[in-house]
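Trainee: I should like to study one part of this model closely and learn how its surroundings are described. Would you please choose a part and take me through it step by step?

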Amino acid sequence: MPTFQTLPGFREFYPDALAQRNHLFKVWRQTAVTFGFQEYDAPVLEPLDLYRTKSGPEIEQQLFSFTDKGGREVALRPEMTPTVCRLVGEQAATLKRPIKWFSIAEFYRYERMQKGRGRCFFQFNADVFGETGIEAETELIALLIQALCAFGLAEPDFYIRLSDRNLWFYYLEALGLDEPRARAILGAVDKFEKIGDKAFEEYQTQFGALEAVLKERILALLSIKSMASLEALMAPLHNEKVQGRIGEWKRLIGNLTAMGLGGFVEVDLGVVRGLAYYTGFVFEAFDRKGELRALAGGGRYDNLVGKLGYSELPAVGFAIGDMTFALLLEQRGLMPSYVNAPDVYFVLGGEAERMAAFPALQALRASGIRVEYPMRPLAFGKQFKAATESGARFAVIYGQDEVARGTAKLRDLQSREEREIGLGDLVDALRSALRA
RNA sequence: GCGACCAUAGCUCAGCUGGUUAGAGCAUCAGAUUGUGGAUCUGAGGGUCGCGGGUUCGAAUCCCGUUGGUCGCCCCA
């Protein structure tokens, strides 16, 4: 007997698990729609070059890629951003601005498995194209927060760390660092949270010792946790670019505060999101307890559409992954356990009663009521047990006596009350009973 | 790519320093029970002890390898 295992890192969704997954998708979809986002989808398989162009050749290590029978180098998509940029880039001339799109899709990465990370996963992606101002960030951060709150999560559960690559560059420039040095510092900043002072070693081997005063100023910005202290740190610089950027910060935080979302957002310049394609504000969502990896991440990427060969188009986007998010919902007891329950369970006396019940069974199902019945002849006792275990609200009993009278009994399985109903009135009776 | 730990029934696990035919609970199915319930009782099915090799009179148990899982590191788009 051959034994086939699921491929490493891949997941099967048995009915209970799929019900939970569907719950996530449904709430995400509803939330995105209320924010005026439109849903799209795209191929799972893309040209390998799409990712090489975006992320560099080393990305191939992390991809499920192969050569197809036509000799094309292809890859299962590891993320949605390049794809959505391609879609938007193709039609940019005709799309009304702002372009607000979302998707819920599966992605594949050839990686080692860890808690909250597998080789296949789903992401809720949302992007705004064609908007250079912080209104786009406002819209997306608000959507991100709501996409988590819609499950019952609140301020004690998660928060958004807000950072800004532009502010970092302007700040470092004001401190006298050229761009290569500034980039190296950002690399160190990204690692500082994890490895501390060691993070600066690479900078120092490349550019020589980092002045103590300078390092102090960098660590000062890293430790900022509020808008007020951010302003206080920046004011003495008297730098026009920095002050302009601080103005943007105040407007963005002001917008979110006016929406009542200020409590979710923390100033935290420690978030740089790698050396990715981000060009401005970047943000990540974390659980407050700090037990899980990032729930979501996003930011502005104004150059990517152009980099893929289309006209420049400013963009902001984020993605929420399903794995870490599901872990958080479970931790907080917010993952509903679905009972796959019918509305009505038919209890059938015998073959004659079964035939008598089938017209109503089909009529009820056709009218959208979910009806279950035993496929094999069963004792009444067994049928009632099955009806109860199914989770149905009502049982309809087709016994010999009732059918002879042209009726069936409608039994409320919670209250255990029964009434006899003419077969012709059954559909209407059940409809109104289920509404109650 | 690197490291640690783990692998016995569908699930959770027991199985002593190696010793007859590998067990329990839960779950499933059946019977008690052909006109009224989530209970109870009885019974059944379900295992190449992840796989392969080695040591031994004898291996679920010890050793090596391998596959898979969990959790870290690297990476995280």
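Mentor: Contact means heavy atoms within 4.5 Å. Please keep in mind throughout that this is a predicted model.

A single residue serves to practise the term. R77 is found in the loop between β4 (73–76) and α3 (81–91). Leaving aside neighbours within four places in sequence, the contacts of R77 are D41, A42, P43, V44, Y51, A105, E106, F107 and Y108. A residue counts as buried when its relative accessible area is under 20%. R77 has a relative accessible area of 3%, and is therefore buried.

The part I have chosen for the close look is helix α5, which spans residues 165–174. Is this helix enclosed or open to its surroundings? Seven of the 10 residues of α5 are buried, so the helix is largely enclosed by the rest of the structure. The buried residues are R165, N166, L167, W168, F169, Y171 and L172. What do these residues pack against? Their partners are the strands β7 (158–164) and β9 (281–287), together with the helices α6 (179–195), α8 (212–223), α9 (227–234) and α10.

Let us follow one of these partners, α10, which covers residues 240–258. The axes of α5 and α10 lie 9 Å apart, and the two helices pack at an angle of about 155 degrees. Angles over 145 degrees count as roughly antiparallel, and α5 and α10 are therefore roughly antiparallel to each other. The crossing of α5 past α10 is left-handed. On the α5 side, the contact is made by N166, L167, Y170, Y171, E173 and A174, and on the α10 side by K241, V242, R245, I246 and W249. Sorted by class, this contact contains seven nonpolar, one polar and three charged residues.

The two ends of α5 also deserve attention. At its start, a side-chain oxygen of D164 comes to within 2.9 Å of the backbone nitrogen of N166. N166 thus appears again, as one of the residues of α5 that touch α10. Just after α5, G176 adopts a positive phi of about 95 degrees.

A positive phi also occurs in a residue other than glycine, namely H238, where phi is near 50 degrees. H238 lies in the loop between α9 and α10, and both of these helices are among the partners of the buried residues of α5. Is H238 buried or exposed? With a relative accessibility of 71%, H238 counts as exposed.

How values were computed: Residues are numbered from 1 along each chain as its sequence is written. Chains are lettered from A and ligands numbered from 1 in the order in which they are written. This is a predicted model: local features need pLDDT of at least 70, side-chain atom pairs count only at pLDDT 80 or more; totals for chains, interfaces and linings use all residues. Side-chain values use heavy atoms; hydrogens and water are left out. Axes are lines fitted to C-alpha atoms, for helices over the stretch in contact, and angles run from 0 to 180 degrees between N-to-C directions. Helices (H or I, at least four residues) and strands (E, at least two) are DSSP runs, numbered from the N terminus. Angles under 35 degrees count as roughly parallel, over 145 as roughly antiparallel, 65 to 115 as roughly perpendicular and the rest as oblique. A crossing is left-handed if the near helix is turned anticlockwise from the far one by less than a right angle, and right-handed if clockwise. Ala, Val, Leu, Ile, Met, Phe, Trp, Tyr, Cys and Pro count as nonpolar, Asp, Glu, Lys and Arg as charged, and the others, Gly among them, as polar. Buried means under 20% relative accessible area, exposed over 50%, partly exposed in between (1.4 Å probe, protein chains only). A polar contact is a pair of N or O atoms within 3.5 Å; within protein, one must be able to donate a hydrogen and the other to accept it, and residues adjacent in sequence count only if both atoms are side-chain atoms.
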